[in-house]
Amino acid sequence: MPPSTFRCEAFAAPATDKPLGQITIERREPTAEDVQIDILFCGVCHSDLHMARNEWGFTTYPVVPGHEIVGRVASVGSAVTKFKVGDLVGVGCMVDSCRTCASCQEGLEQYCEVGNIQTYGSPDKHIGGTTHGGYSKSITVYEGFVLRISDKLDLAATAPLLCAGITTWSPLRHWKVGPGQKVGIVGLGGLGHMGVKFAHALGAHVVLFTTSASKIEDGKRLGADEVVVSKNADEMVAHGGSFDFILDCVSAEHDINAYLNLLKRDGTLCLVGAPEHPMPVAAFSLLMGRRSLAGSGIGGIAETQEMLDFCAEHGITSDVEVIDIKDINTAYERMLKSDVRYRFSIDMATLGA
Ligand SMILES: NC(=O)c1ccc[n+]([C@@H]2O[C@H](COP(=O)([O-])OP(=O)(O)OC[C@H]3O[C@@H](n4cnc5c(N)ncnc54)[C@H](O)[C@@H]3O)[C@@H](O)[C@H]2O)c1
Ligand SMILES: [Zn+2]
């Protein structure tokens, strides 16, 4: 028997070309292993925009975006052991996975070989339809995919750690970024600004690449040792062949060969940005110097907790502009113009207020 449900206010995109607006969705009452969360803040990721506009081609409408969720536990199922009512918690891009494949067993649920359940837009095995994300008042999640959040950090600024944070943390850790290494971060948006903060905190020499000279000061304040305006060819050439690792956080098509050519021998360019269209790679950008082009998707649950704990210990959060849910469509337009420093965080008290 499917679990009983309750009604919940949310904001959804009804179609590719329609603005987001308020709807009512169904959420399940917690089953034995579930945690029901009252959502306090939800960050606005560029993936929300890609999905709301079906730029990746697999959106089911209506879609309730949002996978940078921070809230407070409102109720728990009878078998829940990790959380109790009142706890501060977070939910990121996934709400479940097969739990048994090799990747899941290794704590790499983001690479679940059966296919994990995304916070929004995946089939909802509990109540049918698709899963709905954090632009809503409440969410019910299997406790294994719920994260502990410290009460030491500002909650609006903590929400973006659940996607922008883990997505940049995971590759920096996987490629063992640290002291003595020269690391590039491309694009100072939501992901990029967390990449700069983390690479700096991990002890690397950090070079930020931005298209906008107006972000030089911010880049340095956030932890970059150097800032390169990527439109200036001589500034780019000066860094040729010098990087151990570059993390590319750009949301639209751009010339990745220009960055491959900045890598040292055996260096790696890792894409985390997910542009709508494929990007050409020149074989010689890779052949010369045995360079690698890689990608990385979010991060596993244990690693997300590790990142959140690191942030609590080091006082790291996202730089946010807190918005009212009714301003979400304007926020999307501003995000496309890079007019956000550096993440919108929705105050969910404004939904239905
Ligand atoms: N790998 C993952 O698991 C994962 C997780 C979250 C987001 N993403 C993707 O990462 C990308 C970035 O997300 P975000 O939320 O940080 O977005 P954002 O809009 O906050 O930042 C994007 C950055 O790219 C820059 N940019 C855009 N077009 C550019 C161009 N043509 N040349 C150079 N720079 C350009 C912008 O100025 C901005 O700094 C998106 O494509 C998003 O879908 C991937
Ligand atoms: Zn995201």
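**Sheet, ligand shell and two buried residues**

Colleague: In which helix is L260 found?
Modeller: This is a predicted model, and what follows should be read with that in mind. The helix that contains L260 spans residues 257-260, and it is α8.

Colleague: Is L260 buried or exposed, and which residues is it in contact with beyond its sequence neighbours?
Modeller: A residue counts as buried if 20 or more other C-beta atoms lie within 10 Å of its own, and L260 has 24 such neighbours, so it is buried. Leaving aside residues within four places in sequence, the contacts of L260 are L269, S285, L286, R291 and L293.

Colleague: Which residue of β13 or its surroundings stands opposite L269 in the pairing with β14?
Modeller: Strand β14 covers residues 263-271 and pairs with β13 in the parallel sense over five bridges. L269, which is also in contact with L260, lies in β14, and the residue that stands opposite is I246.

Colleague: What is the order of the strands in the open sheet of six?
Modeller: The pairing in this sheet is parallel, and the order reads β12-β11-β10-β13-β14-β15. Two of these strands pair on one side only, and these edge strands are β12 (226-229) and β15 (292-295).

Colleague: What does the twist average from one strand to the next, and what angle does the direction of α5 make with that of β10?
Modeller: For the sheet, the average twist from one strand to the next is 20 degrees. Helix α5 packs on this sheet, where it touches β10, β11 (205-210) and β13, and its direction makes with that of β10 an angle of about 165 degrees.

Colleague: Which residue of β13 is the bridge partner of V186, and how many residues of β13 are buried?
Modeller: Strands β10 (residues 182-186) and β13 (residues 243-248) run parallel and are joined by four bridges, and within this pairing V186 is partnered by D248. Strand β13 is mostly covered, the number of its buried residues being six of six.

Colleague: How many residues surround ligand 1, and how many of them are charged?
Modeller: The shell around ligand 1 is made up of 27 residues, with H46, G189, G190, L191 and S251 the closest. Helices α1 (46-52), α4 (164-174) and α5 (190-201) each supply at least two residues of it, while domain 1 (5-163 + 318-350) and domain 2 (164-295) each give at least three. By type, the shell holds twelve nonpolar and 15 polar residues, and the number of charged ones is no residue at all, or none.

Colleague: Why does C45 count as buried, and which residues does it touch?
Modeller: C45 is placed in the loop between β3 (34-44) and α1, and it counts as buried because 28 other C-beta atoms lie within 10 Å. Apart from residues up to four places away in sequence, C45 touches H67, E68, C163, A164 and G190, the last of which is also among the closest residues to ligand 1.

Colleague: What distance separates the C-alpha atoms of C45 and G90, and which residue of β9 is the bridge partner of G90?
Modeller: Along the chain C45 and G90 are 45 residues apart, and their C-alpha atoms are separated by 15 Å. Strand β5 (residues 88-91) runs antiparallel to β4 (residues 69-76), to which four bridges join it, and it also pairs in the antiparallel sense with β9 (residues 147-148) over two bridges. In that second pairing, the partner of G90 is L147.

How values were computed: Residues numbered from 1 in each chain as written. Chains lettered and ligands numbered in written order. Predicted model: local features only at pLDDT ≥ 70, side-chain atom pairs only at ≥ 80, totals over all residues. Pairing = 2+ DSSP bridges. Near = placed C-beta within 6 Å. Nonpolar A, V, L, I, M, F, W, Y, C, P; charged D, E, K, R; others polar. Domains from an automatic or database assignment. Buried ≥ 20, exposed ≤ 12 C-beta atoms within 10 Å, placed from the backbone. Contact = placed C-beta atoms within 7 Å. Axes fitted to C-alpha atoms, helices over the stretch in contact; angles between N-to-C directions.
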